[in-house]
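Reader: I should like to learn how to read the features of a model such as this one, step by step. Please begin with whatever the display allows us to examine.

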Amino acid sequence: MAKNNFIMAIGILVQVFIILTGVSQAATITVPDDYPKIQWAINNAYPGDTILVKTGTYIENIDVNKQLVLRGVDSGGGLPVVDGGWSGNAIWISASGVTIEGFNVRNSSAAGIGVNSNNNIIKNNLVSNNQHGIEISNSADNTISNNNISLNNGVGIFLFNSSGNTISGNTAVSNGNVQTGENGIAIQQNSNHNLVTGNIANSNGNKGIDISMSYWNTVSDNIANSNGREGIYVRYSSFTLIRNNIVNSNTGTGILLQYSDNNNITENNASNSLDYPEGDHSSGIGLENSSDNNISNNIAVSNTAAGVSSGYSSNNKLINNTAKFNSREGIYLYNSKSVLIENNIIKSNKGHGVVLIQSNSNKIINNNASNSLDYTEGHHSSGIRLESSDNNNLSSNIAVSNTGSGITTNHSFNNTISYNSLSSNFQAGIDITSSSNNVLAYNTATLNNNTEIYIGGSAQNKVSKNMIFGLNHGPGIFLQDSSSILVENNVLSSNYNGILLLNSSSNEIIGNEASNGEGFENNGIFTWNSNNNKISRNNFSFNTGAGIAMDISNDNKISENILINNEAGVSINFSSNNTIYGNNASLNSINGIALHNYSSYNNLDSNIASNNGCGIEVSDGSNYNTIFNNTANLNNKWEGFFIRSSSNNILSNNTVNNNNWSGIGIKAESNYNIILNNNINSNKEKGIRIDSSSNNIIYHNNIINNTNQAYDSDPAGNNWYNVTSLEGNYWSDYTGVDDGSGTGKHDFSGDHIGDTLIPHPSTGYDYYLYVYANGWMRPTIVVYTDKKGYSAGNKMYVGLNITNPGSARKADLYIWIDLPGGGKFQVAKYSSVTLPAGFDYNKMPWKVITLPNIPPGNYSWHAVLWDPVTQEIIGESISPWTFRNAAAAEAGNIKELEKALQGVSEEADFMK
């Protein structure tokens, strides 16, 4: 007894010594050699000891309440088994700094391994058939690595309110089931700054990896495949990094964010997602009610829904992702705004490449959205589609070989579509339907099957500076049922009609170039049933059809276009009230300008129609047109102007020179036309030819040096002079004289109308022909002052403008002032002044007068040109002005005005 007491005392002294000196020697305890139960070994161990557990089955609920190393040893029959007996946790770690390694942990009704402490290491264990595999709660800085956690009823690895933990290299597979909906790895409830890396989380009943209400976690280099729901699921969590994970073949979305902001999803492969059990399709990556996230450099391939989808989310960035072979869209946004979609490769999806639905203010930049396939039979897919989406910017994208259009909008407004490349799409390059106020600029659209740019049922869009090269599949720019569209400065070639307007009105087509040199009847622009359009300053040249073609289109303005080397410059059918002004329609193979088939009340003004087959043609019931001030020279097959089966047209002030046939040809019941003030010179066949037409009026024309001046199959049936004024034309080959031997109105010399050798050129023609070119053109006079009101002492500056556009002639000039009350005060009188041909005198001031004090009131300068031969006024001008005087008592005397005007009438100084 004494000996035992001695030994005990020695032991106590040793322990005291160890405590006092701080020196300890960790022990190794072996189970079952030292203790048959693991818990007994724990109870008898000291902190820092190692407990080795040999092969065997230990039905225990272990509480590791000391800093120990528990290491399972395969002593010949496999890893030691810790069997929880379906009562609580199999292993519970309540102390910190514990290592659990090399166990087969099973049959726990709670966790196989539960942790409620810090800085523990759990590695190389097999954890299966528990409620949860490994559960860490209210703990930090633990390492869970290289464990195999499978076939647990609940979560494989579960973190709750635990931060700073590392979960790496684990296999968490086949945990939970569809009914329980549990996950492979779950990080929940304020579990922050955890690292989940290099794990396999496959075939779990619900999610592969689940993060909820937690922040600043990193999920990297994991595999999360074939789970019952999402591969990786983030909910109510922020600042998560999800990087370089493989997330394939999940029955749900590969990676899904809900109500989660400021996360970074990058370099993942999220592919082959299957339909949810409820039948809903699944995306590779999905965002719902989640904002300010970065989705970059991911691969999303062969999912049953979109590659990447975003709903009710904003300010996300989708950059450098690859979305291919998905059963629906490549990238799908609904009710999302301010999203950046940039540099993504989006190809061969069975749906639109990128689709926005009710999504506004997004940027879609520099993506390749190509090879989209029909998602159902007959439902074609576009590269990019906007549906009820506004204020988006689509820029620098490539959309090639889609079964729909390259870019499509429907009910979408205020979008900018610019610098995109759109080619070989089955429908249009760009399709704008029921969408307004969009800008389409600097796009390149080539070889699209239907049309290059289509706008239907839309208003107030702008199509500007696009490059459009077709292959005669359809029109370059096609407006249908659209209005107030500005189409400007586009370049179009090799299309079937460069620009096509169908049922589209009040549009502006300005500054475009269209050349369609291949195919049959390809026009620069063609309008059908389209009114009130402005077609101006375009270059429509080298088209196999017309530069401008119109059918059933009224009230349009066609002005200042270049229309060269087409079949026709302008070709109009069944169209009325159009204005065709200032165009150059030259070198066209048939007509410069043609009005066909009941095209009436059109106005052709100041156009050049030269070097064509025919200059200007009016035919087939085209009546009441006005053709004024045009040039039709050097047309090399037919007439300068040709009227066939058309009546009541006016040809006035045109220049018609050197045409291969007649200058003006009228035939086939073309009646009641007026040919007036034209210059018809040096045409190779006839100056004017009339066949089978009557009641036409031809007067005040210069008919000069034509091979044959005129031909009329029935000259008595037409009027080769004005029957009211009795004035005819000038004929360069007329050799008669104005000697006063005529009869009636012209029975005196000096009226510039010939009196001998009439009619000319033969019986029934002109009886009142002029002996000078432009002899009918009368001088004009205008008198004017520098202002309209004066007082005594003011200087009055008086201007005078006299013109004589016709031949030289004499005139009397009278200038006076109309006085208040009806009197006159003569200022100047010049008799028989010679006005040279082409005279144009305009001088301000012609006179400067210092006004004296004269009676106040309304005065007028009055000027008249008088023909001394015909005794008629040929020009008149009145310029009113007012004299104001401060005091009626100082009204002054009108004679003072006479003094001030002394010397004004001494000489005709305007002739100097």
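Reader: Leaving aside its neighbours within four places in sequence, with which residues is Arg-385 in contact?

Author: The model is a predicted one. In it, Arg-385 belongs to strand β41, residues 384–387. Beyond its sequence neighbours, Arg-385 is in contact with His-352, Val-354, Val-355, Leu-356, Thr-408 and Asn-410. For one of these partners, Leu-356, the sequence separation is 29 residues, while the C-alpha atoms are separated by 6.2 Å.

Reader: Is Ser-212 buried or exposed?

Author: Ser-212 counts as buried because its relative accessibility is 1%, and the cut-off for that class is under 20%. Its place is in strand β21, which covers residues 209–212. When neighbours within four places are left aside, its contacts are Ile-187, Gln-188, Gln-189, Asn-190, Arg-235 and Ser-237.

Reader: What is the pLDDT of the chain on average, and where is it below 50?

Author: The average over the chain is 92, and 95% of the residues score at least 70. Over residues 1–23 the pLDDT is below 50, and this stretch has three contacts in the model beyond near neighbours in sequence. Residues 904–908 are also below 50, with eight such contacts.

Reader: How does one read strand pairing, and which way do β1 and β2 run, parallel or antiparallel?

Author: The general idea is that strands of a sheet pair through backbone hydrogen bonds, in either a parallel or an antiparallel manner. Here β1 (residues 28–31) and β2 (residues 50–54) run parallel and are joined by four bridges. Within this pairing, Thr-30 stands opposite Leu-52 of β2. Strand β2 is also joined to β5 (residues 69–73), again in parallel, by five bridges. Leu-52 has Arg-71 as its bridge partner in β5.

Reader: What unit do β1, α2 and β2 make?

Author: They make a β-α-β unit that is right-handed. Helix α2 spans residues 38–44.

Reader: How should a nonpolar core be read, and which residues touch the most other members of the largest one?

Author: In soluble globular proteins, nonpolar side chains tend to be buried together. The largest nonpolar core of this model has 126 residues, and those touching the most other members are Ile-38, Ile-51, Val-64, Ile-100 and Ile-113. Helix α2 supplies the largest share of this core, three residues. Ile-51, with residues up to four places away not counted, touches Ile-29, Val-31, Ala-41, Ile-42, Ala-45, Leu-68, Val-69, Leu-70 and Arg-71. Another core lies apart from the largest one; it has 33 residues, among them Ile-781, Phe-825, Val-833 and Leu-865.

Reader: Ile-781 leads to β83. What is the strand order of the open sheet that contains β83?

Author: The order is β83-β85-β88, an open sheet of three strands with antiparallel pairing. Strands β83 (780–785) and β88 (839–850) are the edges, each pairing on one side only. From one strand to the next the twist averages 15 degrees. Six bridges join β83 to β85, which covers residues 795–804. In this pairing, Thr-780 stands opposite Thr-803, and Ile-781 stands opposite Ile-802.

Reader: Which residues form the covered face of β83, and which the uncovered one?

Author: Ile-781, Val-783 and Thr-785 form the covered face, whereas Thr-780, Val-782 and Tyr-784 form the uncovered one.

Reader: Finally, how does one read backbone geometry, and where are cis peptide bonds found?

Author: Most residues other than glycine have a negative phi, and most peptide bonds are trans. One cis bond joins Ile-758 and Pro-759, with omega about -5 degrees. Pro-759 lies in the loop between β82 (730–731) and β83. Another cis bond runs from Met-844 to Pro-845, with omega near 5 degrees. Pro-845 is part of strand β88.

Reader: Where are Phe-239 and Asn-653 found?

Author: Phe-239 sits in the loop between β23 (232–235) and β24 (241–243). Its phi is positive, near 60 degrees, although the residue is not a glycine. Phe-239 counts as partly exposed because its relative accessibility is 34%. Asn-653 is found in the loop between β73 (650–652) and β74 (655–657). Asn-653 has a positive phi of about 60 degrees, and its 30% relative accessibility places it in the partly exposed class.

Conventions. Residues are numbered from 1 along each chain as its sequence is written. This is a predicted model: local features need pLDDT of at least 70, side-chain atom pairs count only at pLDDT 80 or more; totals for chains, interfaces and linings use all residues. Side-chain values use heavy atoms; hydrogens and water are left out. Two strands pair if DSSP finds at least two bridges between them. Helices (H or I, at least four residues) and strands (E, at least two) are DSSP runs, numbered from the N terminus. Axes are lines fitted to C-alpha atoms, for helices over the stretch in contact, and angles run from 0 to 180 degrees between N-to-C directions. Buried means under 20% relative accessible area, exposed over 50%, partly exposed in between (1.4 Å probe, protein chains only). A nonpolar core is a set of buried Ala, Val, Leu, Ile, Met, Phe, Trp, Tyr and Cys residues joined through side-chain atoms within 4.5 Å. Contact means heavy atoms within 4.5 Å. A crossover is right-handed if, with the strands pointing away from the viewer, the path from the first strand over the helix to the second runs clockwise. pLDDT is the predictor's confidence in each residue, from 0 to 100.
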